[in-house]
Amino acid sequence: YAAKAQTQAVVWYSDAQEASRLSHLSLLSDLRSAVHNSELQMWLQPKVKLADMRTYGFEALVRWQHPQRGFISPAEFVPFAERTGYISAVTKWMLEHALQSLQNWKTSHPELSIAVNVSTNDLRDQSFPDRVRELLEHYDVNPNNLKLELTESGIMEDPSSAIPLLQTLRDTGIGLSIDDFGTGHSSLAYLQKLPVSELKIDRSFVINIDQLPSTQRLVKTIVEMGHGLHLSVIAEGIETEAERDTLRELGCDSMQGYFASKPLHGEALQKWLDQLPKTPG
Ligand code: C2E
Ligand code: MG
Ligand code: MG
Ligand code: MG
């Protein structure tokens, strides 16, 4: 009886695998054309200082509006694009659009920055820093206005090749942030050697933090460690005022999350920019 159930389970599993393989094959060719057919969009989520809740920059988040399948979440297609090597085209597309926005803001909002997510694959490509530099020159954007977000696992996969690459980017003046901090295989020994400028505390530590004294102690330790290494510390995924207040008390520098704003695009983004104070000059 058990053996029969097991056989059925195996058959069902391989059918599902086949279906997912086929849908992934077509997804791959779709992703190739998506980059050229303007099916991708860049949404920008405000990053705000906790001291005064002023917007100092944005994180760029990719969105894919597929003509048949509708909206495909980056959580779904980014890992797939990484496995198939197509992520470098997505990264390039996002960098170009981020730099175009920064160029547009040069006179109205020269202080704003945009952070682009880079994947493990990008960090394996030794020509990546040169290509980023060429794009900065092409768009005539100050490197200080561009930030890159990378994950611990992306760096730790091959630290001896990733660290010099990060150093080159940092020497160019680009800000580097460790995304989803606290969830990867963080090694404190390496953290000290990483040429990064920001720690981004993962949302898993932020959820209900106002009610969780042990998480508060943990986050306080992360903030103090970050400041000890001269890094700025941001928390992601803040949804409530109570979470915001707690992170502010714990010494966190800035925040990102629905409590300040969801990712913005089009008119909503323009409205957000219009209500920001103009930088004189
Ligand atoms: P991430 O870099 O950690 O980005 C933060 C994610 O949390 C975003 O999801 C954002 O929309 C979401 N978020 C922001 N505030 C809140 C909040 O208050 N509550 C909740 N529940 N969620 C919040 P999104 O846009 O779906 O992106 C998911 C992940 O996909 C990103 O995580 C990042 O790892 C990846 N990703 C997105 N865009 C890109 C990209 O252009 N390139 C690469 N390589 N990865 C990307
Ligand atoms: Mg990110
Ligand atoms: Mg993150
Ligand atoms: Mg995250």
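**View 1. Glu59 and Asp179, two buried residues****.** In this predicted model, both Glu59 and Asp179 are buried. Look for them around the magnesium ion called ligand 2, where they act as donors together with Asn117 and Glu149. Glu59 and Glu149 each offer an OE atom, Asn117 offers OD1 and Asp179 offers OD, at 2.1 to 2.3 Å. Along the sequence, these donors follow the spacing E-x57-N-x31-E-x29-D. Glu59 belongs to strand E2 (residues 55-66) and Asp179 to strand E6, so this pair ties together parts that are 120 residues apart in sequence.

**View 2. The magnesium ion called ligand 3 and its donors****.** Which residues coordinate this magnesium ion (ligand 3)? They are Asp179 and Asp180, each through OD, and Glu236 through OE, at 1.9 to 2.6 Å. Written as a sequence pattern, the spacing of these donors is D-D-x55-E. Here too, distant parts of the chain are linked: Asp180 sits in strand E6 (residues 175-181) and Glu236 in strand E8 (residues 232-236), 56 residues apart. Is Glu236 buried or exposed? With a relative accessibility of 14%, Glu236 counts as buried, because the cut-off for buried is under 20%. Asp180 has a relative accessible area of 24% and is partly exposed.

**View 3. Asp179 as a bridge between two magnesium ions****.** Now bring both ions into the frame. Ligand 2 and ligand 3, the two magnesium ions, lie 3.7 Å apart. Asp179 coordinates both of them, so you can find this residue among the donors of ligand 2 and among those of ligand 3.

**View 4. Ligand 1 in the largest pocket****.** Around ligand 1 you can find 20 residues, and the closest are Gln45, Arg63, Asp179, Glu239 and Tyr258. Which strand gives the most to the shell around ligand 1? Strand E2 does, with four residues. At least two residues each come from E2, helix H2 (74-83), helix H3 (87-104) and E6.

**View 5. Polar atoms of ligand 1 and side chains beside them****.** Start at Gln45: an N or O atom of the Gln45 side chain is 3.0 Å from a nitrogen atom of ligand 1. For Asn117, the partner is an oxygen atom of ligand 1, 3.1 Å from a side-chain N or O atom. A nitrogen atom of ligand 1 also lies 3.2 Å from an N or O atom in the Arg203 side chain. On its own, ligand 1 would expose 800 Å², and the protein buries 81% of that area.

Notes
Residues numbered from 1 in each chain as written. Chains lettered and ligands numbered in written order. Predicted model: local features only at pLDDT ≥ 70, side-chain atom pairs only at ≥ 80, totals over all residues. Heavy atoms only, no water. Donors = N, O, S within 2.8 Å, 3.2 Å for Na, K, Ca; no water. Buried < 20%, exposed > 50% of the residue type's maximum accessible area, 1.4 Å probe, protein only. Near = heavy atom within 4 Å. Polar contact = N/O pair within 3.5 Å; in protein donor to acceptor, adjacent residues only side chain to side chain. Areas by Shrake-Rupley, 256 points an atom, 1.4 Å probe, with all protein chains shown as cover. 1 Å grid on protein atoms, 1.4 Å probe; cavity = no way out; pocket = protein on both sides within 12 Å on 5 of 7 lines; lining within 4 Å. Sits in = over half its atoms within 2 Å of the grid points.
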